[in-house]
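Student: Could you pick one part of this model and go through it closely? Then show me how it sits in the rest.

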Amino acid sequence: MTAGRLVGRTLRLAVPLYLSTLVLGLIPTSIAMLGLASLAGDRPWRGELLGPGWLNLATEIVMEAVYAKGAPGVSLVLAAAVIGVPVAMLAQLAVYSLLAGGILEALRPGADSRLTFWAGCRTWFWPSLRLSMLGGVLFLLLSATLSVLVGLLARWISQEVVLVLQLAIQAVILGWLELARALLVTRSTRSVGGMLLAAGRLALRPLPVMVWLLLGLPTAGVLLAAVLPPAVGDPYSVLDLLVALAFGQAVAFLGAWTRVIRLAAAMRLTQAAPVPAPRVRAG
Amino acid sequence: MTRSSQTGPAGRRRIAPVRAIILVGLLVAVSLGPIRGAHAQGSGTAAPASVDTASYDLTANWNASVNQIAGTATITYRNHSADTLGELYLKLYLNAFRSEDTLWMRESNGQHRGSDYDPHQPGWIRLERLRLLDTGEDVLPASIDPDATVLRVPLPAARAIRPDETVRLDVAWTSQLPRVFARTGVAGDFVMAGQWYPKLAVYDRGAWDTEPWHANAEFFADFGSYSLALTVPADYVTGATGTRQGSVTNPNGTVTVQYRADSVSDVAWTAWPGYRMATTVIEAAGRPVELELLAPRTMSQSEDKRYFGAAQGALDRLGRWFGAYPWPKLTLVVPAPDAPGAGGMEYPSLVTLDLPISAPFNLGRGVRLVEIVTVHEIAHQWVPLQLATNEAREAWLDEGFADYATTRVMGEMFGPDRSVVELGPFRLGYEEVHRTQYLLAAVNQPLAYPSWQYPDFVAYGATVYSKGTMVLLTLERTAGSERFLPAMRGHFDRWRWRHPTTADLQGSLEAGLGTSLDGFFRPLVYGTGVAEYGVGSASATQATVERRGDVALPIQVATVDADGRVERQSWSGDAARLDVAAQAGEIRRVQVDPDGSIAVEPLRLDDGRDLVPSPLPLATLAARILGLVQAALLAGLLG
């Protein structure tokens with residue numbers, strides 16, 4: 001596959017993932033905005049929520065609500081943040097587990113042996129979901145343990161080096177989970193534990209480590225861009241609204257595309273894996 | 001002095017002869033009457049400005065093996081009052097740390113600013129000699145409560161101290177320093193000695209300050225001259241109140257360092273072999289000031305400029321606003337990493353600070369705790385270290401002032417909305433931090449109130465620091481900085497080297513501003529009044545502004561018409577409501593207190609309304625939040 005075709009295919013495959021983030025993202029966002037509308041709908045300070053002093057204003061909103069033992073809309077905003085976002089994240093995990101199978105099937109070399117996108121989604125949903133659940137726990141345990149161990153080095157090496165090492169470890173662990181997901185498809189197996197072990201052996205090779213470290217950069221970049229959007233010059237301007245909308249969605253799409261590229265990289269890396277396995281068609 | 005005597009310049013003029021008569025009567029009564037005793041709260045005349053009331057020639061011999069100071073002192077007390085004093089009171093602060101059963105410990109539950117008291121390393125002070133130097137008479141009481149933090153010392157009748165007379169005491173004692181706790185103590189070979197010697201209590205307005213030391217309380221002392229001969233192991237680096245006069249190396253491997261300070265109310269010292277020293281000379285409000293930084297050797301030298309920069313920014317601004325820093329030197333002490341309880345305290349010409357936050361890529365510098373603590377402690381160089389307020393009885397006078405001044409200085413140095421945190425899009429100002437504490441625990445607490453009577457440490461801290469700041473900011477903003485700062489300067493000029501009270505501050509500000517502030521001080525300083533305003537009904541032709549609290553403050557009301565024209569009107573704020581009619585065009589926006597002057601108003605978010613609200617700001621915000629949530633959803637996939 002040429003680079004151009006790979007780019008085109010990964011862009012197309014990113015669309016359903018992006019759309020899922022849009023739909024799921026709208027749930028907590030809508031709840032929060034309902035709260036904010038009743039709290040600030042006609043208040044002159046609402047434009048300042050977009051300014052550099054937004055954290056001061058947000059603090060004031062929370063503290064006045066605490067003082068007054070409640071404020072219209074604040075409970076909705078809190079519900080969106082405390083319940084809505086975590087629920088959406090769990091739902092996104094499930095949706096990703098569904099879409100990942102289709103994306104990996106679409107990226108599998110050899111058109112004749114591929115499942116269709118939606119058939120791939122259906123086929124690999126449960127193994128992929130189990131991998132997401134188990135992988136999430138393993139990621140938290142491993143990254144916490146290794147981060148603590150690396151943190152112990154802070155006596156001898158600078159904090160900057162420690163932080164970079166900790167981030168690098170996390171990037172490799174995340175890559176390991178992507179490899180396991182790709183191995184499920186390439187080896188046509190539903191053995192999550194077995195593929196985690198196989199991916200573990202593969203993930204520690206120099207090339208995969210390099211790949212995941214490199215792919216960690218755009219992932220972090222996308223997150224940074226979302227946290228640091230361009231300043232809003234005039235909160236009462238339609239143009240500023242459009243810019244904010246376009247930037248947010250462009251970043252979200254880039255984020256989705258980055259995920260697909262990571263799956264593509266995992267698929268390529270698993271091609272080099274030496275252990276073949278009999279293909280099992282799952283229901 | 002009664003409150004009613006402070007209702008404004010006219011009122012003062014009317015009662016001035018009456019006060020003079022009362023004063024003369026009091027003087028006569030005192031000179032003919034019995035010797036004055038102790039009272040919980042004086043109500044007589046304030047003592048005149050004096051920098052030689054209580055002077056100390058101190059020696060301190062540090063014994064590192066047992067963490068004890070062997071101290072001697074000649075204390076010279078001059079009676080500047082109009083009363084004859086038949087007794088003295090000594091404050092023995094370290095006894096608060098003798099055991100878990102002391103008053104201080106019972107009040108604090110053995111905790112202070114996040115540090116725990118170590119009962120295995122207690123602190124105490126034991127008087128071993130107390131004589132009248134000139135006659136040799138022993139005045140050490142036969143029985144002393146070992147837990148007492150205040151000691152009554154009766155004087156022989158013939159030795160009662162008449163007005164303008166001086167008494168000299170010859171004192172010897174031993175101080176056991178605790179494991180660092182509540183500002184003082186040891187941690188390994190680090191030593192921070194605060195409140196380490198017997199200190200004379202204050203006699204002012206006809207009474208001794210006999211209050212024991214409480215957990216939610218600091219100190220109160222007279223001014224004088226101090227000399228200190230400090231003997232420590234030769235490898236220790238030392239710092240102390242005042243200026244270093246010289247040092248002598250002793251044959252036993254110790255060094256004796258001499259310090260001297262004038263016009264100060266205390267002396268503290270620190271010693272540690274782990275210190276490194278950096279010095280610089282700055283100009284502050286037209287005067288040179290030597291800055292000496294004592295910091296752990298492990299602290300990066302690149303951090304020094306943060307301490308020096310904050311010190312210069314504070315000394316220069318506070319000097320211009322309230323009068324120049326009066327001493328030639330300021331010592332900045334950054335305690336050892338395992339002694340955080342020693343940080344964040346003011347002594348004359350010496351402040352103890354906090355270590356920088358340790359974070360990679362200098363991210364810690366985006367949180368300006370170093371600067372805030374430095375500026376706050378330096379602000380204390382004005383109150384209580386030039387205006388020696390009673391920090392226990394009216395803590396807001398020094399803590400409220402210090403954080404009001406810190407808010408001002410930090411706002412000028414870094415910007416009001418980012419003076420605490422500036423990390424990319426995360427910016428937080430010190431005023432908002434105080435608003436948080438004020439709203440959490442202080443709105444319904446009085447300010448001028450004994451610190452030990454607040455229900456808990458949170459209420460005490462939130463009130464004296466944060467409500468104090470809100471009250472002073474409100475006073476400044478409603479009066480205007482151009483009038484308020486000179487009025488405050490007048491307060492400093494009038495009360496420097498004295499013991500002003502809240503009433504004296506009110507009197508100074510009333511004199512400076514030319515208006516009565518009784519309607520402000522009575523509910524907001526002495527009482528628990530609430531200033532609250534909001535927009536009631538509003539239409540294109542008329543809007544109603546409502547006073548919803550029990551405190552009336554002068555306030556601005558602004559309306560904006562469809563063409564963006566702003567009409568402002570002043571409202572005394574004392575009626576229940578104000579109707580505002582459209583002037584030229586239709587009203588589109590009503591805003592109470594558009595400049596945010598009423599910092600004490602608890603609910604400020606309801607101060608404005610748009611009559612034709614545009615959905616664009618919230619729509620743009622929704623677009624931003626949506627993008628951020630989507631990115632978070634993708635980041636949360638974990639592989």
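Tutor: I start with one helix of chain B, then move outward step by step.

This is a predicted model, so local features need pLDDT of at least 70 and side-chain atom pairs count only at pLDDT 80 or more, while totals for chains, interfaces and linings use all residues. Residues are numbered from 1 along each chain as its sequence is written, with chains lettered from A and ligands numbered from 1 in the order in which they are written.

Take helix α3 of chain B, residues 304-322. Helices (H or I, at least four residues) and strands (E, at least two) are DSSP runs, numbered from the N terminus. α3(B) has 19 residues. From its first C-alpha to its last, α3(B) reaches 26 Å, close to the 27 Å expected. That expected span is 1.5 Å times one less than the number of residues. Just after α3(B) comes Gly323(B), which takes a positive phi of about 110 degrees.

Which residues of α3(B) are buried? They are Tyr307(B), Ala310(B), Ala311(B), Gly313(B), Ala314(B), Leu315(B), Asp316(B), Arg317(B), Leu318(B), Gly319(B) and Phe322(B). Buried means 20 or more other C-beta atoms within 10 Å of a residue's own; exposed means 12 or fewer, partly exposed lies in between, and C-beta atoms are placed from the backbone. What covers the buried residues of α3(B)? The cover includes strands β19, β20 and β21 of chain B. It also includes three helices of chain B: α4 (369-379), α5 (396-414) and α8 (481-495).

Now look at those three strands. α3(B) lies across β19, β20 and β21 (329-333) of chain B, and runs at about 30 degrees to β19(B). Angles run from 0 to 180 degrees between N-to-C directions, and axes are lines fitted to C-alpha atoms, for helices over the stretch in contact.

The strands belong to an open sheet of five, in the order β19-β20-β21-β23-β22 (chain B). The pairing is mixed. Two strands pair if DSSP finds at least two bridges between them. β19 (275-284) and β22 (345-347) of chain B stand at the edges. Each has a single partner strand, so one side of each is left without a neighbour in the sheet. From one strand to the next, the twist averages 15 degrees.

Follow one edge inward. β19(B) and β20(B), residues 287-296, run antiparallel and are joined by 10 bridges. Met277(B), for instance, has Leu294(B) in β20(B) as its bridge partner. Strands of a sheet pair through backbone hydrogen bonds, either parallel or antiparallel.

Next, step back along the sequence to strand β18 of chain B, residues 269-272. Trp269(B) and Ala271(B) point one way, and Thr270(B) and Trp272(B) point the other way. All four of these residues are buried. β18(B) pairs antiparallel with β10 (residues 190-193) of chain B over three bridges. There, Ala193(B) is the bridge partner of Trp269(B). β18(B) also pairs antiparallel with β15 (residues 237-240) of chain B, over four bridges. In that pair, Thr238(B) stands opposite Ala271(B).

Another sheet of chain B is open, with three strands in the order β7-β3-β11 and antiparallel pairing. β7 (150-154) and β11 (199-200) of chain B are its edges. Two bridges join β3(B), residues 87-91, to β11(B). Leu90(B) is partnered there by Leu200(B).

How many residues of chain B are in contact with chain A? 51 residues of chain B are in contact with 71 residues of chain A. Contact means C-beta atoms, placed from the backbone, within 7 Å. The elements of chain B giving two or more residues to this side are β25 (426-428), α6 (430-441), β31 (587-592), β32 (608-610) and α11 (616-635). The largest share, 20 residues, comes from α11(B).

Chain A itself has eight helices and zero strands. Its C-alpha trace spans about 65 × 50 × 35 Å along the principal axes. Of its 283 residues, 41% are buried. Among its contacts between residues at least 6 apart in sequence, 74% join residues at least 24 apart. One pair of helices in chain A is α7 (residues 206-227) and α8 (residues 238-271), which pack at about 170 degrees with axes 9 Å apart. Among the residues making that contact are Leu215(A) and Val222(A) of α7(A), and Leu254(A) and Ile261(A) of α8(A).

Conventions:
Contact = placed C-beta atoms within 7 Å.
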